[in-house]
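Dear colleague,

I am handing over the structure we spoke about, with the sequence alongside it. Please look it over first; my notes on what was found follow below.

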Amino acid sequence: MSTDLLSLEAVPPTALDLRSQRSWRSTKNSIMVGLMGLCFLLVLVPLGAVLFTVVGRGLGIVLRDFPAWFTTDIPVRTRSVGPGMGPAVVGTIIITATAAMLAIPLGILGAVYLHEYGRQSRPARTVRFLANVMTGVPSIVMGLFIYVVFTLRFGLSGVGGSLALACLMLPVVIRSTEEMLRLVPDHLREASYALGTRKGRTITTVVLPSAAPGIVSGCLLAVARAAGETAPLLFTIGIVTKSNWNVLSGANTSLSAQIFQNAGAVLPGPQERGWGAAFTLMFIAFAATVVARVATSRYQRQR
Amino acid sequence: MMLEANEHSTLESAPEEVSNPEVFHLQDLDVHYGGFRAVQNVTMDIKRHEITAFIGPSGCGKTTVLRCLNRMNDEIPGARVGGSVLYHGVDLYAPDVSATEVRRRIGMVFQKANPFPKSIYDNVAFGPRVNGTKSKAALDEIVESSLRGAALWDEVKDRLKSSALGMSGGQQQRLCIARAIAVEPEVILMDEPCSALDPIATARIEDLMQEIKSTYTIVIVTHNMQQAARVSDRVAFFTTEVNPESDRRTGALIEFGRTGRMFSNPSDERTEAYVTGRFG
């Protein structure tokens, strides 16, 4: 049709060319896409290298001593070869779990206050500012703080380490939770208010469930970071070679502390245990992530 | 206060034949957002078991006035309400009135369908649960009757447990109506409920409004004059007036009356210009 019109106007008919036009713009696009791919690969290199080394060196040791690795005590004589990381696994799990139980509820409540009640008021802005500052405090400083206010008075114990880890987790939980609450659309809150629902009920039945997956991610990140912390534990929990299931009293140990201890050893026995501990720690963090993800997706589907 | 009500129905030109009792009496309502005066001097009565439509160009304060009727403006920071909104003679903005109690009696359907990210069943059961209904049998009954009331039951009865977000836009909006009627309100406020829907879904919602108006009092904000003409018993026309001092636009109620008269024989020339499509 249009070609008829064109020919009427005596313009020579040209074949419609829809092939992509080579231009500087499209070249630039290709270069940028290539660069992005390259950056992606570069990011993968350290991640892959860490995973490869830890799994390569640690998996064999854990499997070789399989049940004994988790059940036996850590050898008292460091030069001895063979298994035993049970006490460190116990310590890591109970200390991190206690820290999570302290920090996660407090952090979520804090974030709910900041976003749903405090908003831009002066107290809310102060708390938000302090939480941001706390994020930047080095972990060893947090450990020293707990050492001074807690450990000097009550002695070495798992709960001292938990307190230090909780202090580290708290700002991460607050910030990520507040961010997730911000993503809950206001029209959902309005829908709930329009049904005669009080604010508190709206938060527990509408806002928090909608934000749950994001909140879980934030908390997991905080837990994983805390589980790998070494510095704040060194002078709050001490170090032992036998399992201490009591988080409230007595010195304890953790996988991260054991990695630190064994990594400096010259002998093959402790070095093997160091790699094994590193693998175990990564595996625990991975397993915790999977469990939490499955749990949230189940919960989501139920709603 | 209540005695004055009839004096202000002077905007009505035709004498009333059978007058339903009034549900709302708005007296000199002013709404400010921060330093901005959004609406001023709105005085009107809203009658029971009628559909009252608010029409007018964008920014004229229709939605603002609607949201004063169940105190949803409380949720907007900086919103202030002056004058009075009497609901069965009780001032909704009196200090001892709880917004929660008000909203239990005066429900709302929003412009954008906003089902909760939960199952269809849980969406409808949300209000009754919040109000203390626990028994499974009672909830089942409320859910069914509300979904039937919103003409949605036959479409969703086999998938009550699936997510409400998987429904079409029109179904979502009818679900929101079902959710609103599940708490048995007296009044349902609708803020442009059909503006995002196609004509078929719109027709279903309009039919639904006609069906439920014998049970509820409905106030609807609409941009669509044909819709106002089709569904409403009374129409309130709002427009903006420029304040000569500050050169800012403030919404005002121009004319309020029976739908037939408002469209065939409006007494204000601005109403006539608007309903005949000459402006707005």
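Please bear in mind that this is a predicted model. Chain B, on which these notes concentrate, has ten helices and ten strands. Its radius of gyration is 19 Å, close to the 19 Å that the globule rule gives for 280 residues, so chain B is as compact as a globular protein of that length. Along the principal axes, the C-alpha atoms of chain B fill a box of roughly 55 × 40 × 40 Å, and buried residues make up 44% of the 280 residues in the chain. Of the contacts in chain B with a separation of 6 or more, 70% are between residues 24 or more positions apart.

Turning to the contact between the chains, chain B contributes 22 residues and chain A contributes 14 residues. On the side of chain B that touches chain A, the elements giving two or more residues are helix H2 (99-105), strand S6 (106-109) and helix H3 (120-130) of chain B, and H3(B) gives the most, with four residues. By character, the residues on that side of chain B comprise eight nonpolar, seven polar and seven charged.

H3(B) also deserves a look in its own right, since eight of its eleven residues are buried and the helix is mostly covered. Among the buried residues are B:Ile120, B:Asp122, B:Phe126 and B:Pro128, and what covers the buried residues of H3(B) includes helix H4 (136-149), helix H5 (153-156) and helix H6 (169-181) of chain B. Just after H3(B), B:Gly132 adopts a positive phi of about 100 degrees.

With best regards

Key: Residues numbered from 1 in each chain as written. Chains lettered and ligands numbered in written order. Predicted model: local features only at pLDDT ≥ 70, side-chain atom pairs only at ≥ 80, totals over all residues. Rg over C-alpha atoms; globule rule 2.2 N^0.38 Å. Buried ≥ 20, exposed ≤ 12 C-beta atoms within 10 Å, placed from the backbone. Contact = placed C-beta atoms within 7 Å. Nonpolar A, V, L, I, M, F, W, Y, C, P; charged D, E, K, R; others polar.
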